[in-house]
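Ready for a little practice in reading a binding site? Work through the exercises below, and try each task before you look at its solution.

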Amino acid sequence: MGIAYEDFLDESYEPAADDLVCEFHIQPGQGLTMGEAAARVASESSNGTWAALSPESDVRSYSAHAFDVAEDGSVRVAYPAALFEAGSMPQILSCIAGNIMGMKAVDTIRLADCEWPEALTKGFPGPQYGSAVLTEILEAEDRPALATVPKPKVGLSTEEHAQIGYDAWVGGVDLLKDDENLTDQNFNPFEERVTQSLEMRDRAESETGEKKDYLVNVTAETDEMVRRAEYVADHGGRFVMVDVVTAGWAAVQTVRRRTEDLDVAIHAHRAMHAAFDRLPQHGVSMRVLAQVSRLCGVDHLHTGTAGFGKLENEDTVGINEWLRSDLHGLRDVVPVTSGGLHPGIVDSVLDATGDRVIVQAGGGIHGHPDGTEAGARALRAAVEAYGEGVSLETKAETSPALAVALEKWGRD
Ligand code: CAP
Ligand code: MG
């Protein structure tokens, strides 16, 4: 029994319950119809190749099926669960987002969405806490949690960094966060930063009576990243931050396994996601990167500001909905809204994202004309106004810090 390209197209295919079903958007390569290009995608991402094969045994049960081929360029491909090593994200991605990304049979190809069957999902741990962090580790029952990243991103000394953390915490922020390019440099070494910042956290906690914490960037080579996560836990930290795309999914899986015993939650930053998702016709969508992040087990994930702020975002609202939806019993993930955010746009952003999110601002706090503490006060007032159903302008009448922020940055 042979396997040739055309064997992978099956317009009448009905996916089985255990199939991983992927939606691709493709632009066929020169001279190919949609159906021909779709068949090649299904072939190369499962068990076919450019040459027709005649294996002795029947390997067809491991073949993918391309179906629902639409002239607008969308196609669904169903992969039998047996093709995959459940629990290995690199193996799964090598199939569904591997060689096909560079095949000449398609001019462009976008992995837009996946439907994850229970058979694969159960190989992954999912988040340890998910939205339970908002109440189990923090005290953000009835409002979004607030986070801030000191700016300038790099170059501050350890003392300056810890002091900024303290100012932000007492101003009303819940979480200090390291920036993605701050790891272990000479001007602000990792271990010193952790101990000094956590000391400041304890001080801020006892002065404000609120729970405060620190999202420590542990991103590094995998063994070192695990060592850093242990260091954070040993010194009383309850969160680590991992830059998940640059670190790689295997590393994220390792950190998740290790942090199970450490009882620390994982904050996922997503630097470099735009290399995969910015061009809408090609690559891997942020929706799929978010799905992968949840399976691998992060507790928070940056998903953008729904079009407000400084960065291009893809489908923040739909992705947030997916992160909160049921996935065969895995915990949810808290979306983090960030990137050019300031008090004057908090209400519009929260209208789009909902309020079970972490609101993160760097420049929108530290760029406040009266400094970090006032900036934190302004952001907290803006978020509280939203919860109270009061306009930012009305709230600013009793919050001078918010009034200054609105004056400085306006409302968009
Ligand atoms: C935001 C930020 C975050 C981005 C990441 C920055 O700072 O710290 O890394 O939000 O983007 O360095 O740009 P500002 P996203 O608040 O000063 O803009 O959340 O979209 O993944
Ligand atoms: Mg940053």
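Before we sort any residues, here's the key: Ala, Val, Leu, Ile, Met, Phe, Trp, Tyr, Cys and Pro count as nonpolar, Asp, Glu, Lys and Arg as charged, and the others, Gly among them, as polar. Keep in mind too that this is a predicted model.

**Exercise 1. Describe the shell around ligand 1.**

Solution. Start with the head count: 16 residues surround ligand 1. The closest of them are K153, K310, S338, G340 and G362. Now sort the shell by class, and you get three nonpolar, seven polar and six charged residues.

**Exercise 2. Find polar contacts of ligand 1 with K153, S338 and G340, using a cut-off of 3.5 Å between N or O atoms.**

Solution. Take the residues one by one.

- Step 1: the side chain of K153 has an N or O atom 2.7 Å from an oxygen atom of ligand 1.
- Step 2: S338 also uses its side chain, with a polar atom 2.5 Å from a ligand 1 oxygen.
- Step 3: G340 joins in through its backbone, where a polar atom is 2.7 Å from an oxygen of ligand 1.

Then look at the cover: on its own, ligand 1 has 480 Å² of accessible area, and the protein covers 93% of that.

**Exercise 3. Which pocket does ligand 1 take up, and what lines that pocket?**

Solution. First, place the ligand: ligand 1 takes up space that is the largest pocket. Next comes the volume, with about 680 Å³ of space in this largest pocket. Its lining counts 34 residues, and H273, K310, L311, S338 and G339 lie nearest the centre. Three elements give two or more residues each to that lining: α10 (273-277), β13 (358-361) and α14 (363-366). The largest share, three residues, belongs to α10. Finally, split the lining of the largest pocket by class: nine nonpolar, 13 polar and twelve charged.

**Exercise 4. How many nonpolar, polar and charged residues line the second largest pocket?**

Solution. Begin with the space, which is about 160 Å³ for the second largest pocket. Then list the lining: L93, A97, V245, W249, M272, F276, V284, V288, L289 and V292. Check each name against the classes, and the tally is ten nonpolar, no polar and no charged residues. As for elements, helix α11 (residues 286-296) gives the largest share of this lining, three residues.

Key
Residues numbered from 1 in each chain as written. Chains lettered and ligands numbered in written order. Predicted model: local features only at pLDDT ≥ 70, side-chain atom pairs only at ≥ 80, totals over all residues. Heavy atoms only, no water. Near = heavy atom within 4 Å. Polar contact = N/O pair within 3.5 Å; in protein donor to acceptor, adjacent residues only side chain to side chain. Areas by Shrake-Rupley, 256 points an atom, 1.4 Å probe, with all protein chains shown as cover. 1 Å grid on protein atoms, 1.4 Å probe; cavity = no way out; pocket = protein on both sides within 12 Å on 5 of 7 lines; lining within 4 Å. Sits in = over half its atoms within 2 Å of the grid points. Points joined across faces, edges and corners; volume = space filled by probe spheres on them. Helix = DSSP H or I, 4+ residues; strand = E, 2+ residues; numbered from the N terminus.
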